[in-house]
Amino acid sequence: MRKQLVALIALGMTLIPAGAAQAQYGFGVIAGVSRSAFTGAGSTDVPWRTSALAGALVEIPTDQILSLRMELYVATKGSPQVRTGLGDGLRQDALKLAYLQLPVLVQLQTPVAVPLRSRTFFGVSSAVPVRCKVANQSCSGVDHFRLVSYDFGLLFGAEIDFRGLGIGARYEAGMTSVLPAATGGEVRNGTLAFTVRYTWAR
C-alpha cells in the first residue's frame, strides 16, 4: 500500500509542467464535522457517529484550472454501538476510532480572475489508525476484536472559495474491510463531511 501511495504522488509530480514552478503554491488548514458510518454486509444495525477532522493541505498548480492537492489530517470515526465478541460472548459496545489520513487529489477550479471560485476534487485517501477504543478500553485488550492496520478509500467533493476561504462537502468511500469477522461480514468506513478551509498562496 505504501509503495502504491509513493508511486501515485510521484506520478502526480511528473504531471506538473516546469512553468508551474513559477505559479503560486497554496498552503492551508482544514477542519470539518462529519457523519461517520459503516458500509458493507457487516454494517447492518451499526449506527453512525458524529465525528470530526482537522489538519493541513498543500496545493500544487499546473495552471489556473488544474492542480494537485494533498492533505494530511486526523479524522475520528467509529460508531456509538458495534458488536464485539463471538457466540455467547456477543455484546454491543461503543467504538471510537481515529485515523491519520493522507488524501491525494486532482482539483479542478474556475480561473483565478473570478473572485468566487468553485472547486471540485477527486482521488484516493490512505489512512492508518492512531487510536482504537472499545467501551473506553484499547481494542487490543478486547478478545476476538481486531482493527486492520490501514485503510484505503476513494474521495470526492466540492467547495466554494472566496479569497482563500473555502466551504465544502466531501464523501470518502472506504474500500478496505476494517473490522473483524465478529461483525458478521465486511465492514468499510464511509464518511460524509462538511469542511471549512483557508489557504495562503506563496
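**Exercise 1.** Let's start with the nonpolar patch of this predicted model: find which strands each supply at least two of its residues.

*Solution.* Strand S8 (165-174) and strand S9 (188-201) each contribute at least two patch residues. Next, look at how the patch is shared out: S9 gives the largest share, with three residues. Now list the members: Val29, Leu165, Ile167, Val196, Tyr198 and Trp200 together make a nonpolar surface patch of about 570 Å².

**Exercise 2.** Place Ile167 in its strand, then decide whether Ile167 is buried or exposed.

*Solution.* Ile167 belongs to strand S8. Its relative accessible area is 57%. The cut-off for exposed is over 50%, so Ile167 is exposed.

**Exercise 3.** Count the aromatic pairs and work out the geometry of each.

*Solution.* There are two aromatic pairs. Phe156 and Tyr171 make a tilted one, with 6.2 Å centre to centre and 50° between the planes. This pair links distant parts of the chain, as Phe156 is in strand S7 (residues 151-162) and Tyr171 in strand S8, 15 residues apart. Phe156 is partly exposed at 47% relative accessibility, and Tyr171 is partly exposed at 28%.

Tyr198 and Trp200 pair edge-to-face, with centres 5.0 Å apart and 75° between the planes. Here Tyr198 is partly exposed at 33% relative accessibility, and Trp200 is partly exposed at 48%.

**Exercise 4.** Find the rings over which the charged ends of Arg69 and Lys77 sit.

*Solution.* Begin with Arg69: its charged end sits over the ring of Phe121, 4.6 Å from the ring centre. Then turn to Lys77, whose charged end sits over the ring of Tyr99, 5.0 Å from the centre.

Methods: Residues numbered from 1 in each chain as written. Predicted model: local features only at pLDDT ≥ 70, side-chain atom pairs only at ≥ 80, totals over all residues. Heavy atoms only, no water. Patch = residues over 30% accessible without salt bridge, like charges linked within 9 Å, V, L, I, M, F, W, Y side chains within 5 Å. Areas by Shrake-Rupley, 256 points an atom, 1.4 Å probe, with all protein chains shown as cover. Salt bridge = Lys/Arg side-chain N within 4 Å of Asp/Glu carboxyl O. Helix = DSSP H or I, 4+ residues; strand = E, 2+ residues; numbered from the N terminus. Buried < 20%, exposed > 50% of the residue type's maximum accessible area, 1.4 Å probe, protein only. Phe/Tyr/Trp six-rings, centres within 6.5 Å; stacked < 30°, edge-to-face > 60°. Lys NZ or Arg CZ within 6 Å of the ring centre and 35° of its normal.
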